[in-house]
Amino acid sequence: MEDTTKEATCHTEEVTSCRKSHHPERVKKDLTTRLNRIEGQIRGIKGMIEKDVYCDDIITQLSATQSALNSVAKILLEGHLKGCVVDRLSEGDEAVLDELVVTIQKLMKK
């Protein structure tokens, strides 16, 4: 049986819908835990707005939530760099660098 793990990690644009990442289970669990916490923060902010909580307090919670989202993005970016990008470069696919530049530009808009 042939190992297709690297092949399934990231593909070129022709088969974008088939691209997948393969994070270790501990990373998936960490990301899921972080996202569940963020989901709770969002629900809390929504409740604060419904209860007419002071604006500055809501903004503080929004800032904390954005920071938590940025942490998730950093973890994903690191995994992408060390996994997908390295794999594609080793296969000679330099288009991944253009994709990476766009991804980083999206993250820097925040």
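**Exercise 1. Is L100 buried or exposed, and what is its relative accessible area?**

Solution. The model is predicted; local features need pLDDT of at least 70, side-chain atom pairs count only at pLDDT 80 or more, and totals for chains, interfaces and linings use all residues. Residues are numbered from 1 along each chain as its sequence is written, and side-chain values use heavy atoms, with hydrogens and water left out.

Step 1. State the cut-offs: buried means under 20% relative accessible area, exposed over 50%, and partly exposed in between, with a 1.4 Å probe and protein chains only.

Step 2. Apply them: L100 has a relative accessible area of 10%, so this residue is buried.

Step 3. Place the residue: L100 belongs to helix α4, which covers residues 95–108. Its C-alpha is 8.0 Å from that of V85, although 15 residues separate the two in sequence.

**Exercise 2. Determine which elements the protein contains and in what order they run.**

Solution. Step 1. Recall that helices (H or I, at least four residues) and strands (E, at least two) are DSSP runs, numbered from the N terminus.

Step 2. Count them: the protein has four helices and zero strands. From the N terminus, the order is α-α-α-α.

Step 3. Consider burial as a whole: 20% of the 110 residues count as buried.

**Exercise 3. Describe helix α3 by its span, its kink and its buried residues.**

Solution. Step 1. The expected span of a helix is 1.5 Å times one less than its number of residues. With 36 residues, α3 reaches 50 Å from its first C-alpha to its last, close to the expected 52 Å.

Step 2. The bend at a residue is the angle between axes fitted to the seven residues ending there and the seven starting there. In α3 a kink of about 40° is centred on H80.

Step 3. H80 is also one of the buried residues of α3, among them I58, T65, V72 and V85. By contrast, I59 in α3 counts as exposed, because its relative accessibility is 52%.

Step 4. Just after α3, G92 takes a positive phi of about 85°.

**Exercise 4. Establish how α2 and α3 are arranged and what lies in the loop between them.**

Solution. Step 1. Two packed helices are described by the angle between their axes and the distance between the axes. Axes are lines fitted to C-alpha atoms, for helices over the stretch in contact, and angles run from 0 to 180 degrees between N-to-C directions.

Step 2. The axes of α2 (residues 25–50) and α3 come within 10 Å and cross at roughly 165°. The two helices are therefore roughly antiparallel, a term for angles over 145 degrees.

Step 3. The loop between α2 and α3 contains D52. Phi of D52 is near 55°, a positive value in a residue other than glycine. D52 is exposed because its relative accessible area is 70%.

**Exercise 5. How many disulfides does a search of the whole structure find?**

Solution. Step 1. A disulfide is a pair of cysteine sulfur atoms within 2.5 Å.

Step 2. The search of the whole structure finds zero disulfides.

Step 3. Compare two cysteines: C55 counts as exposed, because its relative accessibility is 55%, whereas C84 counts as buried, because its value is 4%.

Key:
Parallel < 35°, antiparallel > 145°, perpendicular 65-115°, else oblique.
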